[in-house]
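Biologist: I'd like to learn how to read a fold like this one. Could you walk me through it, feature by feature?

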Amino acid sequence: MLLNRKQSGERWHLRPDGAPKVTGQLQYLTDMTLPDMIHGRVLRSEYPHARILSIDTSEAEALEGVYAVLTSKDVPGLNRFGIATPDQPVFCEDIVRYVGDAIAAVAADSPERAALALDAIRVEYEELTPLNSTDAALAPGAPELHGHGPGNVLHRTEIKRGDAEQAFAACEHIVTETYYTPRQMHAYMETEGGLFVPDEAGRLNVYAATQHGYKDRMQLARIIGCPEEDIRVVSSPIGGSFGGKDELNVQPYGALLALRCGRPVKMHNSRKESVRAGLKRHPMKIEMQTGMSQEGIIQAHRVRITADTGAYATLGAPVLNFCTEHCLGPYAIPHVDVEGVSVYTNNGLSGEFRGFGGNQAIFAMEGQMDRLAEIMNMDPWEFRRRNMREKNDPGPLNQRILVTDGLSQVWEALDRSELWQKHQQPPADPSLPPWIKRGVGAAIAMHGAGLGYGIPDPAGGRLSLNNEGKIEVAFSYEEFGQGLIATLEIMLCDLFQCSTSDLSIIIGDTDRVPHSGSSTASRSTTMAWMALQRLQTPFRSRVLAVASEMSGIPADELATGPGGIWRKGQLPAETSELETESGFVVSYAELATQGEADEWIFDTKFDYPTTPDNVVGGHYLYTYAAVAAEVEVNTLTGETKLLDTRHVVAAGPVINPMGFIGQIEGGSVMALGFTLTEDAVMQDSRYVTTNLDTYLIPTIKDIHTHLEVEAIEDLPEGDSFGPRGIGEIGSVALAPAITAAIHQATGVWVNRLPVPREQLVRPLNVPLQEGVSPS
């Protein structure tokens, strides 16, 4: 199935939230206001590493219009948060560990008065030397940032099998390289914020963006010291996340201020505060040594991964697990020696980000494959095929994985693509000036979906006929731009042959939805599909049985359809006057009046599928992608432009073609920034790029005009897991495809992202073509 922007057909579905978003009419959570609300702000550390000697809030408390000033002594419960490791203070007690650390929070009757109150808080520090790199943090005698040892290590990983040392000694060729990846910002359009509303019953209503509504509720309950049921979290719609709003951000401060003041509190980070305090992609150093036989078969692979997790854990340990799993690529390698370490520093927080460590690992591993292929004087795509795992082989951690043909299918589809043929026979273009060079490169990836074995990964959902006569589905997922609501509409219309006007979709509200897990790890589509497969039969049986009782028509002669129940074979293609059709039996609204409300509610609970081998962190479901990219390099300036891209994705049936393309395009643009322009630079543990005026995300001018997406929808017979999520697979393989294309164009091997322009500038003494100006 070849998808492109102009394709049309019956499965192309307009997003129900599309028009409100593009017209600006949609109310995001940070747009919410109430007449009596006040404004919250957070005072953050001036230093990346310091001891707090004193905090004086008296001047701020005395200001007119200031309702509260809070510090660590005002936290009634646990003064810590973090999804996996609750080591980040809500308010620092005695030590600050990065420039975004929270010292105090204020609530005032205007944003301006809140800012004045922050300025009036007096904090006395004893500045300490920051650990501004992983090397400094791991050095003997380095101060321990958390004091729970050993040293400043958050987490270690390893994969050992075979005898790598002996295998390297027998290898014909060995490639050794060190790869460096940047600290990337999520750069979502909606910065962190929300509205926090205590109600008359004593409950707290939280309207703030997150990908874990129930996890936020659990963490806030620990901080406040109350039952979880006393908190309602509404977490949708969201103006972008990409993993960056996975962890708590403003929620602890808004919650505590609202409860202290007894009034609604609004919080909304400026972009500069978002940069300072928000999560980034883990910068990594990945050292790789890969050896192969004389025939070009990889025999040994040694990897050392060092990740800078910043001042607190966030999800640094699972990210390192994922990177470790994916640094072997989709290749059969008998002798493996991999070690990883995630390190605390005084740098900005690193955490969850689209691709979750896979981007860094795949950039490095695919770079090794291209270098090895060149040594063999072999086509790099053929070299990959020679070393790819077979479909029945175990996964990277030697775990059993679900068997599909996805890997070979994406390889073959890209191999026959017109774009990849350009690499094999680069066309000469005499119209180009001599300093403009073009090349084509490619990369392949297998990417785990779900949280991985050993991490609780609950799923489920609820399907009901509500009292308004709507088929209602409820999940604890969030809509943060990925098109989830449209996908759910398509699934339900396919299952029940109904129309969108028959549906009510409830997501992201802990008071109204069951706990169906997080909107992370490319899991939502698969989990929603699996839940509906379990729920459709009991739901359909109930509605048809009641319709049969009401009409006297046997249930096996009835079917669900637009507006209600129809005689089989008489469903209309489209109609606005359903009751006038001869085959129409009874409406959903009439059905809903029969029996008790709870008789129309159907729930299911299950866990995301994981490897049956109990390999911690190992995945069971994978998606596969192959990417080809054509670039143009200006060797006078070092500028690289992406001209053409083809993505081939094997992720099962395409439910929502428009959403599928949107996810691959969006992931591709994010990967373009990761590859060519984006780096949240830090100097002495302080951000140099403090706003989007100096942090260069791709703009519309940087985005290439031609992108093709080919979807391979085949699944093996009996596969019960349905469509796989594709929120991440479009972002993980473009970087190595671009750097491979740069190598073909210039002969330069790139090992650092974003690509250093100076590395691509040719010597000035290379003569220009006669009569051609470099201007």
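Modeller: We'll go from the whole chain down to helices, backbone oddities and single residues. This is a predicted model, where local features need pLDDT of at least 70, side-chain atom pairs count only at pLDDT 80 or more, and totals for chains, interfaces and linings use all residues. Residues are numbered from 1 along each chain as its sequence is written, and side-chain values use heavy atoms, with hydrogens and water left out.

Biologist: Start with the inventory: how many helices and strands does the chain have?

Modeller: Elements here are DSSP runs numbered from the N terminus, with H or I over at least four residues for a helix and E over at least two for a strand. On that count the chain has 18 helices and 31 strands. Its radius of gyration is 28 Å, close to the 28 Å that the globule rule gives for 775 residues, so the chain is as compact as a globular protein of that length. That radius is taken over C-alpha atoms, and the rule is 2.2 Å times the number of residues to the power 0.38.

Biologist: And what box do the C-alpha atoms fill?

Modeller: Along the principal axes, roughly 85 × 75 × 60 Å.

Biologist: What share of the residues is buried?

Modeller: Buried means under 20% relative accessible area, exposed over 50%, and partly exposed in between, using a 1.4 Å probe and protein chains only. By that yardstick, 60% of the 775 residues are buried. As for contacts, meaning heavy atoms within 4.5 Å, take the pairs at least 6 apart in sequence: 79% of them join residues at least 24 apart.

Biologist: How many charged side chains are there?

Modeller: Lys and Arg count as positive and Asp and Glu as negative, while His and the chain ends are not counted. The chain has 64 positive and 100 negative side chains. Placing each charge at NZ of Lys, CZ of Arg, CG of Asp or CD of Glu, the centres of the two sets lie 3 Å apart.

Biologist: Now a helix. How do I check the length of α14?

Modeller: The expected span is 1.5 Å times one less than the number of residues. Helix α14 covers residues 484-496, and its 13 residues should span 18 Å; the end C-alpha atoms are 18 Å apart, which agrees.

Biologist: Is α14 mostly covered or mostly open?

Modeller: A general idea to keep in mind: an α-helix has 3.6 residues a turn, so residues three or four places apart point the same way. In α14, 11 of the 13 residues are buried, including Leu-484, Glu-489, Met-491, Leu-492 and Phe-496. The buried residues pack against strands β20, β21, β22 and β23, and against helices α15 and α16. Just past the helix, Gln-497 takes a positive phi of about 50°.

Biologist: What about α7?

Modeller: Helix α7, residues 251-261, is mostly covered too, with 9 of its 11 residues buried. Among them are Tyr-253, Leu-256, Leu-257 and Cys-261. Gly-262, just after α7, has a positive phi of about 70°.

Biologist: How should I read unusual backbone geometry?

Modeller: Most residues other than glycine have a negative phi, and most peptide bonds are trans. Ala-187 has a positive phi of about 55° although it is not a glycine. It sits in the loop between β11 and β12 and is partly exposed, at 22% relative accessible area. Asn-398 likewise has a positive phi, of about 65°, in the loop between α11 and α12, and is partly exposed at 48%.

Biologist: Which peptide bonds are cis?

Modeller: The bond from Ser-236 to Pro-237 is cis, with omega near 5°, and Pro-237 lies in the loop between β14 and α7. Another cis bond joins Leu-753 and Pro-754, with omega about -10°; Pro-754 lies in the segment after α18.

Biologist: Let's finish with one residue. What does Leu-463 touch?

Modeller: Leu-463 is in strand β20 and is buried, with a relative accessible area of 0%. Not counting residues up to four places away in sequence, Leu-463 touches a set including Val-473, Leu-492, Phe-496, Phe-539 and Trp-600. Leu-492 and Phe-496 also appear among the buried residues of α14.
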